[in-house]
Amino acid sequence: MTALTGLSRRERQIMDILYQRGKASVTEVREAMDDAPGYSAVRTLMRVLEEKGHVKHKAEGLKYVYLPTVAQEKAKRSAVKHLLDTFFKGSPEQIVAALLDVSSTKLTREELDRMSEMIEKAKKEDK
């Protein structure tokens, strides 16, 4: 199974919808898309995602429903690793600094405390 990197904007949009819903038919995916292409185009994108190994389908009544083949948590870790390697030279410190810079006005005291606790836990596990 490959990471969710290298997907087109529309393919990522479809994967986001499938992760949010757990499973969906082509019609349901199309209805959830902003500025959706035609039904045939969405069906083709779903087939391409299946060929790439990102989704699988199963019959439910008279329609196919599509499901992600990789758990969302695993996909999330893969995407973060790709982001870290691509934009931050593999440095967790740089990615955290960027996150704090971007969202400094949005983080609550509770969120900052939880992040601090995660850092302290990581320090203890490193010993």
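This passage walks through the predicted fold, from overall confidence to helices, core, hairpin and loops.

The structure is a predicted model, so local features are only called at pLDDT of at least 70 and side-chain atom pairs only at pLDDT 80 or more, while totals for chains, interfaces and linings use all residues. Residues are numbered from 1 along each chain as its sequence is written, and side-chain values use heavy atoms, with hydrogens and water left out. On pLDDT, the predictor's confidence in each residue on a scale from 0 to 100, the chain averages 87, and 93% of the residues score at least 70. Confidence peaks in helix H2, at a mean of 97, and bottoms out in H5, at 80. Helices (H or I, at least four residues) and strands (E, at least two) are DSSP runs, numbered from the N terminus.

Helix H1 is a good place to start. It has 13 residues and reaches 18 Å from its first C-alpha to its last, close to the 18 Å expected at 1.5 Å a residue; the expected span is 1.5 Å times one less than the number of residues. Buried here means under 20% relative accessible area, exposed means over 50%, and partly exposed lies in between (1.4 Å probe, protein chains only). By that yardstick, the buried residues of H1 are Arg10, Glu11, Gln13, Ile14, Met15, Ile17, Leu18 and Tyr19. Their cover includes H2, H3, strands S1 and S2, and H4, with contact taken as heavy atoms within 4.5 Å. Just after H1, Gly22 takes a positive phi of about 90°.

Glu11 deserves a closer look. It sits in H1, which covers residues 9–21, and it counts as buried because its relative accessible area is 5%. Its side chain reaches the backbone nitrogen of Ser8 at 2.8 Å. That falls under the heading of a polar contact, a pair of N or O atoms within 3.5 Å; within protein, one must be able to donate a hydrogen and the other to accept it, and residues adjacent in sequence count only if both atoms are side-chain atoms. Leaving aside residues up to four places away in sequence, Glu11 touches Gly6, Leu45, Val48, Leu49 and Lys52.

Now for the nonpolar core, defined as a set of buried Ala, Val, Leu, Ile, Met, Phe, Trp, Tyr and Cys residues joined through side-chain atoms within 4.5 Å. The largest one has 18 residues, and Ile14, Met15, Leu18, Val29 and Met46 have the most contacts inside it. At least two residues of this core come from each of H1, H2 (26–32) and H3 (39–51). H1 gives the most, with five residues. Met46 touches Ile14, Leu18, Ala24, Val26, Val29, Val55 and Tyr66, again not counting residues up to four places away in sequence.

The two strands, S1 (55–60) and S2 (63–68), run antiparallel and are joined by six bridges; strands pair if DSSP finds at least two bridges between them. They form a hairpin with two residues between them, and Gly61 in the turn has a positive phi of about 65°. Glu60 stands opposite Lys63 in S2. Lys63 also turns up among the contacts of Ser25, along with Tyr64 and Val65, once residues up to four places away in sequence are set aside. Ser25 itself lies in the loop between H1 and H2 and is buried, with a relative accessible area of 6%.

Further along, the 16 residues of H4 (residues 72–87) should span 22 Å at 1.5 Å a residue, and the end C-alpha atoms are indeed 22 Å apart. Phe88 is in the loop between H4 and H5 (92–103) and counts as buried, at 16% relative accessibility. Beyond residues up to four places away in sequence, Phe88 touches Leu83, Gln94, Ile95 and Ala98. The C-alpha atoms of Phe88 and Ile17, 71 residues apart along the chain, are separated by 28 Å.

Lys89, in that loop between H4 and H5, has a positive phi near 50° despite being a residue other than glycine. Its relative accessible area is 78%, so Lys89 is exposed. Asp35 likewise has a positive phi of about 50° although it is not a glycine. Asp35 belongs to the loop between H2 and H3 and is exposed, with a relative accessible area of 69%.
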